[in-house]
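The following account leads the reader through a single protein chain, from its overall organisation to individual contacts. Please keep the sequence and the structure in view while reading.

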Amino acid sequence: MPRTFIYSLVFLLLAVTVTPAHAAKNKTAQDPDTDFSAFRTYAWRGKDVSEMLGSDVRSAAEQVLRSKGYERVDADQDPDLWFEYNAGSADVLRAGWRLTIGWYGDLWAIPGARSRVEAGLAILCTTNARGDGEDRAVWGGRSLMAGNTPDALLVMTSRVGKVTRKLMKSFPER
């Protein structure tokens, strides 16, 4: 019976601590003095981080913006709003201990390293509504994700559309 208890405890610890990617932590902010009802059009600025990631971010954001009454135009058509995004990731290695089960069911602690993948997405909206030649930020959103398995970054990349839609839902309606 004690061996079954140990196996159950180890399984429970692994199930709780080894997840492909934790839920994203989102945060958005907007300029309270900006009247978004005056804006109608938007365009994208900047280069895509990657072709696949860029198309996922842009299509998810455009879907939400379209539902809120905004129209996408080309950059040369003088849009009311400019959107740009950036994404990145880091693999953080930490020294630590690993638990393993011995041949007879005993627990062994051996030196090892833990890997934690952290990724982030930031979307910024600017405007030059004053016509003074200087853009000012009117809305911004960011999402941070973390995971500790070898496929965590792949899981995070597959969720970027969903994360973008969540961020953009807080963008003001026209």
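Of the contacts in the chain with a separation of 6 or more, what percentage is accounted for by residues 24 or more positions apart? In this predicted model, such residues account for 75% of those contacts. The chain holds four helices and six strands, and along the sequence these follow the pattern α-β-β-α-β-β-β-β-α-α. Of its 174 residues, 32% count as buried.

Confidence should be considered before the details. The mean pLDDT of the chain is 84, and 86% of the residues score at least 70. Among the elements, strand β3 (residues 71-72) has the highest mean pLDDT, 97, whereas helix α1 (residues 2-17) has the lowest, 44. The pLDDT is below 50 over residues 4-20, a stretch that has 18 contacts in the model beyond near neighbours in sequence.

The strand pairings come next. Strands β4 and β5 run antiparallel and are joined by 21 bridges. Within this pairing, Leu-93 has Ser-115 of β5 as its bridge partner. The hairpin of β4 and β5 has five residues between the strands, and Gly-105 takes a positive phi near 90° there. Strand β5 is also joined to β6, by 11 bridges, and these two strands likewise run antiparallel. Cys-125 stands opposite Trp-139 in β6.

Ser-89 offers a local view of β4, the strand in which this residue is placed. Is Ser-89 buried, partly exposed or exposed? Its relative accessibility is 46%, so Ser-89 counts as partly exposed; the exposed class begins only over 50%. In sequence Ser-89 and Ala-119 are 30 residues apart, yet their C-alpha atoms are 4.0 Å apart in space. With residues up to four places away in sequence not counted, Ser-89 touches Glu-118, Ala-119 and Leu-153.

A second local feature is found at Asp-78, in the loop between β3 and β4. Most residues other than glycine have a negative phi. Asp-78 has a positive phi of about 55° although it is not a glycine. With a relative accessibility of 65%, Asp-78 counts as exposed.

Helix α4 (residues 160-168) has two contrasting sides. Its buried residues are Val-160, Gly-161, Val-163, Thr-164, Leu-167 and Met-168. Viewed down the axis of α4, they fall within an arc of 160°, and therefore line one face of the helix. Lys-162 and Lys-166, on the other side of α4, are exposed. What covers the buried residues of α4? The cover includes strands β1 (25-30), β4 (81-101), β5 (107-127) and β6 (136-147), together with helices α2 (51-67) and α3 (152-158).

Met-168 of this buried set appears again in the largest nonpolar core, which has 28 residues. Met-168 is among the residues with the most contacts inside this core, along with Tyr-70, Leu-81, Phe-83, Leu-121, Ile-123 and Phe-171. At least two residues of the core are supplied by each of β2 (41-44), α2, β4, β5, β6, α3 and α4. For Tyr-70, the contacts beyond four places in sequence include Phe-36, Phe-39, Tyr-42, Leu-65, Leu-81 and Phe-171. Other contacts of Tyr-70 are Arg-40, Pro-172, Glu-173 and Arg-174.

The aromatic residues form a further network. When rings count as a pair if their centres lie within 6.5 Å, there are eight aromatic pairs. One joins Tyr-42 and Phe-83: the ring centres are 5.7 Å apart and the planes stand at 90°, so this pair is edge-to-face. Tyr-42 belongs to strand β2 and Phe-83 to strand β4, and the pair links parts of the chain 41 residues apart. Both Tyr-42 and Phe-83 are buried. Phe-83 also pairs with Phe-171; their ring centres are 5.3 Å apart and their planes are at 55°, so this pair is tilted. Because Phe-83 lies in strand β4 and Phe-171 in the segment after α4, the pair ties together parts that are 88 residues apart in sequence. Phe-171, like Phe-83, is buried. Ring pairs link Phe-36, Phe-39, Tyr-42, Trp-44, Tyr-70, Phe-83, Tyr-85, Trp-139 and Phe-171 into a cluster.

Key:
Residues are numbered from 1 along each chain as its sequence is written. This is a predicted model: local features need pLDDT of at least 70, side-chain atom pairs count only at pLDDT 80 or more; totals for chains, interfaces and linings use all residues. Side-chain values use heavy atoms; hydrogens and water are left out. Buried means under 20% relative accessible area, exposed over 50%, partly exposed in between (1.4 Å probe, protein chains only). The arc is that of the directions from the helix axis to the C-beta atoms. Contact means heavy atoms within 4.5 Å. Two strands pair if DSSP finds at least two bridges between them. A nonpolar core is a set of buried Ala, Val, Leu, Ile, Met, Phe, Trp, Tyr and Cys residues joined through side-chain atoms within 4.5 Å. Rings of Phe, Tyr and Trp (its six-membered ring) pair if their centres lie within 6.5 Å; planes under 30 degrees apart count as stacked, over 60 as edge-to-face and the rest as tilted. pLDDT is the predictor's confidence in each residue, from 0 to 100.
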